[in-house]
Amino acid sequence: MKLTELSIEDCIDLRHKVLWPDLPRDESRVPGDDVARHFGIVRDGTVISCLSAFCDGKDRVQIRKFATRQQLQGQGLGTQLLKEVLSKLQQEGVQSVFLDARLTAVPFYLRAGFTTEGNPFIRKGLTFIRMVKQF
């Protein structure tokens, strides 16, 4: 697997199909996408897993819109992508990474060394919780 930097346009269809399929495609865009860094795994010219990293200060990054094709979930692709992105961010001097995880994804992020912070909250009808990883 080779970590690839992508454009937002490379990621938007996968985000939409996996994260918010019942909403209009443009609901999968978020403010800051134009300046965020987008990473992914590309297989046979198709993005199969992606996530976006948004700077939130000098040494803090927020991960948003992490998606892996449904039929490929559970095969370690997302784990590998997250591990490589976290390693890259740490090498670049990032001190902490945070994200808002769907409750169903909390065990995945716990295995990656994140801890929960604060109380669950609801966004677009789904329950999330803030998770943080310090380097």
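These are my notebook entries on the sheet, helices, salt bridges and nonpolar cores of a predicted model.

**Entry 1: the sheet**

I started with the strands. I found an open sheet of 7 strands, and the pairing is mixed. The strand order reads 1-2-3-4-5-7-6. I then looked up the edges. They are strand 1 (4-6) and strand 6 (115-123), and each of them pairs on one side only. From one strand to the next, the twist averages 30°.

Next I took one strand pair in detail. Strand 3 covers residues 46-55 and strand 4 covers residues 60-68. The two run antiparallel, joined by 6 bridges. Which residue of strand 4 is the bridge partner of Ala53? I found Ile63 there.

**Entry 2: helices on the sheet**

I checked what helix 1 (residues 8-19) touches. Helix 1 packs on the sheet and contacts strand 1, strand 2 (37-43), strand 3, strand 4 and strand 5 (96-102). Its direction makes about 65° with that of strand 4.

Helix 2 (residues 77-91) came next. I see helix 2 lying across strands 1, 2, 3, 4 and 5, and across strand 7 (126-134). Helix 2 runs at about 140° to strand 2.

**Entry 3: salt bridges**

I counted 11 salt bridges. I looked at three pairs.

Arg25 and Asp13 meet through their side chains at 2.7 Å, N to O. Arg25 sits in the loop between helix 1 and strand 2, while Asp13 is in helix 1, 12 residues apart. Are these two buried or exposed? Arg25 has 33% relative accessibility, so it counts as partly exposed. Asp13 is also partly exposed, at 39%.

Asp33 and Arg15 form another salt bridge, with the closest N and O atoms 2.8 Å apart. Asp33 is in the loop between helix 1 and strand 2, and Arg15 is in helix 1, 18 residues apart. I checked burial here too. Asp33 has a relative accessible area of 6%, so it is buried. Arg15 is at 0% relative accessibility and therefore counts as buried.

The third pair is Glu92 with Arg37, at 2.6 Å, N to O. Glu92 lies in the loop between helix 2 and strand 5, and Arg37 lies in strand 2. The two are 55 residues apart and link distant parts of the chain. Glu92 is partly exposed, because its relative accessible area is 42%. Arg37 is partly exposed at 25%.

I then asked which residues share a network of salt bridges with Glu92 and Arg37. I found Glu5 and Lys88 linked with them.

**Entry 4: nonpolar cores**

I turned to the largest nonpolar core, which has 25 residues. The residues with the most contacts inside it are Leu51, Leu81, Leu82, Tyr109, Phe114 and Met131. I looked up which elements supply at least two residues each. They are strand 2, strand 3, strand 4, helix 2, strand 5, helix 3 (106-111) and strand 7. Helix 2 gives the largest share, 6 residues.

I picked Leu51 for a contact check, leaving aside its neighbours within four places in sequence. Its contacts include Phe39, Ile63, Phe66, Leu81, Leu82 and Val85. Arg37, His38, Arg64 and Lys65 are also in contact with Leu51. I noted Arg37 again, as it also forms the salt bridge with Glu92.

Another core lies apart from the largest one. This other core has 10 residues, among them Leu6, Cys11, Trp20 and Phe128.

Terms used: Residues are numbered from 1 along each chain as its sequence is written. This is a predicted model: local features need pLDDT of at least 70, side-chain atom pairs count only at pLDDT 80 or more; totals for chains, interfaces and linings use all residues. Side-chain values use heavy atoms; hydrogens and water are left out. Two strands pair if DSSP finds at least two bridges between them. Helices (H or I, at least four residues) and strands (E, at least two) are DSSP runs, numbered from the N terminus. Axes are lines fitted to C-alpha atoms, for helices over the stretch in contact, and angles run from 0 to 180 degrees between N-to-C directions. Contact means heavy atoms within 4.5 Å. A salt bridge is a side-chain nitrogen of Lys or Arg within 4 Å of a carboxyl oxygen of Asp or Glu. Buried means under 20% relative accessible area, exposed over 50%, partly exposed in between (1.4 Å probe, protein chains only). A nonpolar core is a set of buried Ala, Val, Leu, Ile, Met, Phe, Trp, Tyr and Cys residues joined through side-chain atoms within 4.5 Å.
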